[in-house]
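Work through the exercises below with the sequence and the coordinates open. Each task is followed by a solution in steps.

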Amino acid sequence: MTATLCTIMLVVFFAVMVAVGIYSRKHATDVNGFVLGGRQVGPWLTAFAFGTSYFSAVIFVGYAGQFGWNFGMASTWIGLGNAFIGSLLAWNVLGRRTRIMTQALDAKTMPDFFGSRFNSKKLKIAASIIVFVFLIPYTASLYNGLSSLFNMAFGLPYWVIIVVMAVLTGIYVIVGGYMATAINDFIQGIIMLIGIVAVVVAVIMSQGGLTSAEAKLAAIKLPESFDGALSSFLGPDPLALLFVVILTSLGTWGLPQMVNKFYAIKSEKDIHKGTVISTFFAIVVAGGCYFLGGFGRLFGDKVPKQPDGTPLFDQIIPNMLSDLAPVLIAIVIVLVLSASMSTLSSLVLTSSSTFTLDLIQPNIKKKMSENRKVLIMRIFIVFFILVSAMIAIVKDANPTVTFIAQMMGVSWGALAGAFLAPFLYGLYWKKTTKIASIVCFFWGCGIAILQMVVSLAKIDVTAWGPVLGYIFKSSINSGVVAMVGGLIIVPIVSLFTKKPNQAETDKLFDAYEEKREVPAKEALD
């Protein structure tokens with residue numbers, strides 16, 4: 001029964017995704033249309049594209065299970081942080097200025113922004129290389145968590161799931177570009193909203209209701225913490241919880257595939273609508289995911305353990321859902337697939353556009369036509385999807401290949417650590433310098449690489465002292481340090497390095513002061 005329902009829903013789901021790609025092909029005839037949807041994407045599509053790119057199967061299956069197990073009900077703060085810092089504040093701080101300045105610079109990617117904003121081709125190439133190196137393993141991580149859920153419903157081999165997801169995502173992105181991605185993100189987002197609410201309610205009711213579930217959680221005693229820690233306001237480890245909130249919330253401000261959504265916004269009123277929609281989406285989806293994961297220990301007897309007693313975190317959520325009604329399991333399957341495909345489409349579109357526009361085009365003497373640029377981007381979409389799928393399959397078949405797993409773990413911190421500070425200051429502060437951006441690139445990537453070495457070599461960081469030992473205890477901690485450190489480094493270095501051309505910078509920032517006429521119902525002045 002479960003397999004039949006899942007099959008029917010998946011066939012309908014895949015048919016709709018491909019149909020949207022075919023419908024959107026008329027918007028993908030030139031670079032601006034293929035990469036940004038002609039900068040004419042409305043608030044609902046932009047907000048859902050932002051949210052679905054933010055939350056993938058890694059969040060629903062991996063992070064919700066892991067952090068719910070570690071922090072209990074307090075893990076809900078992670079979802080709320082994602083909503084109010086990663087969505088609400090991001091839209092208010094970055095949305096309008098990103099849209100205005102990237103149009104003034106005619107920038108279509110984040111490396112393109114750096115190259116034009118700081119008048120440096122080398123900076124543009126450096127940013128492109130960072131995107132290329134760290135976005136591919138991040139893309140491969142999106143397949144994590146799919147295996148256990150699909151095995152529960154179909155018993156399919158992991159590689160089959162990866163191939164199907166990769167092929168179908170590739171079809172609609174290649175054919176329809178950004179517009180197909182945005183429309184499908186909207187559809188996938190609706191599925192995620194409905195699915196999360198249904199699953200949370202079903203799981204809580206299976207435990208006798210919220211009060212009963214909370215009481216059961218409070219009764220679980222942790223040897224290293226106080227009684228009732230798992231149901232307490234801040235959980236058993238508030239500091240570790242804070243680091244997770246910062247990494248997963250503030251980190252989105254520096255991720256190319258997230259910031260790129262602001263490039264395509266249509267109008268001022270769409271900023272306001274998009275902010276509200278995106279925040280609501282994050283509260284429901286992220287808040288719901290982590291709230292659900294907070295009750296993971298109530299199902300601890302079902303969760304398989306590693307030899308050292310640590311649970312297999314990717315197995316927590318699937319085991320919580322295994323006894324649900326077939327229709328709910330089918331909804332969860334489509335939900336998780338929606339979350340993964342939406343993020344995958346955003347990442348491969350970002351990677352291919354960056355590689356084509358920021359690495360290939362500037363180094364070819366002959367001028368490339370719009371059609372040729374779009375063709376090359378489509379070729380690289382195939383390439384990036386193929387590589388990410390192969391990495392995921394190799395990782396699953398060879399668990400001892402720890403290099404891949406560590407690359408995935410540090411990718412988020414490396415990208416956000418390198419890009420967040422120079423991008424943010426570049427939007428707001430005229431005196432931000434090229435050298436400060438370069439230093440921040442080295443800082444973010446350097447911290448990430450050092451973390452990877454520590455993890456691969458299994459170095460005992462406790463000997464480094466309490467501060468460094470805590471920082472490099474995990475990629476979460478080091479990622480936060482990379483981001484926050486960049487916010488300190490960029491202004492300090494900018495004060496002591498060569499300032500950008502004042503006339504050019506003033507002219508660029510004049511785009512913010514351009515006078516616009518709007519109806520009285522939209523603005524009194």
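The exercises concern a predicted model and cover salt bridges, a helix bend, the nonpolar cores and a surface patch.

**Exercise 1. Salt bridges**

Task: Find how many salt bridges the model has, and state for each residue involved whether it is buried or exposed.

Solution:
1. Apply the distance rule, a side-chain nitrogen of Lys or Arg within 4 Å of a carboxyl oxygen of Asp or Glu. The count comes to 3 salt bridges.
2. Take Asp106 and Lys108, whose side chains meet at 3.3 Å, N to O. Asp106 is partly exposed because its relative accessibility is 49%, whereas Lys108 is buried, at 15%.
3. Take Lys124 and Asp112, where the closest N and O atoms are 3.6 Å apart. Lys124 belongs to helix α7 (residues 121–140) and Asp112 to helix α6 (residues 110–117), so this salt bridge ties together parts that are 12 residues apart in sequence. Lys124 has a relative accessible area of 16% and is therefore buried; Asp112, with 11%, is buried as well.
4. Take Asp506 and Lys430, which form a salt bridge at 3.0 Å, N to O. The pair links distant parts of the chain, 76 residues apart: Asp506 is in helix α21 (residues 502–513), and Lys430 is in the loop between α17 (402–428) and α18. Asp506 is partly exposed at 23% relative accessibility, and Lys430 is partly exposed at 38%.

**Exercise 2. Helix α5 and its end**

Task: Determine where helix α5 bends, and what phi Asp106 takes.

Solution:
1. Helix α5 spans residues 76–105, and the bend of about 50° is at Trp91.
2. Just after α5 comes Asp106, with a positive phi of about 55°.
3. Connect this with the first exercise: the side chain of Asp106 also meets that of Lys108 in a salt bridge.

**Exercise 3. A polar residue in helix α9**

Task: Decide whether Asn184 is buried or exposed, and list what Asn184 is in contact with.

Solution:
1. Locate Asn184 in helix α9, residues 158–206.
2. Compare its accessibility with the cut-off: buried means under 20% relative accessible area. Asn184 is buried because its value is 0%.
3. Leave aside neighbours within four places in sequence; the contacts of Asn184 are then Val16, Met17, Val20 and Tyr172.

**Exercise 4. Nonpolar cores**

Task: Give the number of residues in the largest nonpolar core, and those with the most contacts inside it.

Solution:
1. The largest nonpolar core has 164 residues. Phe60, Phe114 and Phe419 have the most contacts inside this core.
2. Examine Phe60, not counting residues up to four places away in sequence. Phe60 touches Ile196, Cys289, Leu292, Ile317, Leu321, Val332, Leu335 and Val336.
3. Apart from the largest core lies another core, of 7 residues, including Val461, Ile471, Val481 and Ala482.

**Exercise 5. A nonpolar surface patch**

Task: Name the residues that make the nonpolar surface patch, and find which helix gives the largest share.

Solution:
1. The patch is made by Ile449, Leu450, Val453, Ile459, Trp464 and Leu468, and its area is about 470 Å².
2. Helix α18 (residues 434–457) gives the largest share, 3 residues.
3. Ile449 lies in this helix. Patch residues need over 30% relative accessible area; Ile449 has 42%, so this residue is partly exposed.
4. For comparison, nonpolar side chains tend to be buried together in soluble globular proteins.

Methods:
Residues are numbered from 1 along each chain as its sequence is written. This is a predicted model: local features need pLDDT of at least 70, side-chain atom pairs count only at pLDDT 80 or more; totals for chains, interfaces and linings use all residues. Side-chain values use heavy atoms; hydrogens and water are left out. Patches are made of residues with over 30% relative accessible area and no salt bridge: like charges are joined within 9 Å, nonpolar side chains (Val, Leu, Ile, Met, Phe, Trp, Tyr) within 5 Å. Accessible areas come from the Shrake-Rupley method with a 1.4 Å probe; for residues, only the protein chains shown count as cover. Helices (H or I, at least four residues) and strands (E, at least two) are DSSP runs, numbered from the N terminus. Buried means under 20% relative accessible area, exposed over 50%, partly exposed in between (1.4 Å probe, protein chains only). The bend at a residue is the angle between axes fitted to the seven residues ending there and the seven starting there. Contact means heavy atoms within 4.5 Å. A nonpolar core is a set of buried Ala, Val, Leu, Ile, Met, Phe, Trp, Tyr and Cys residues joined through side-chain atoms within 4.5 Å.
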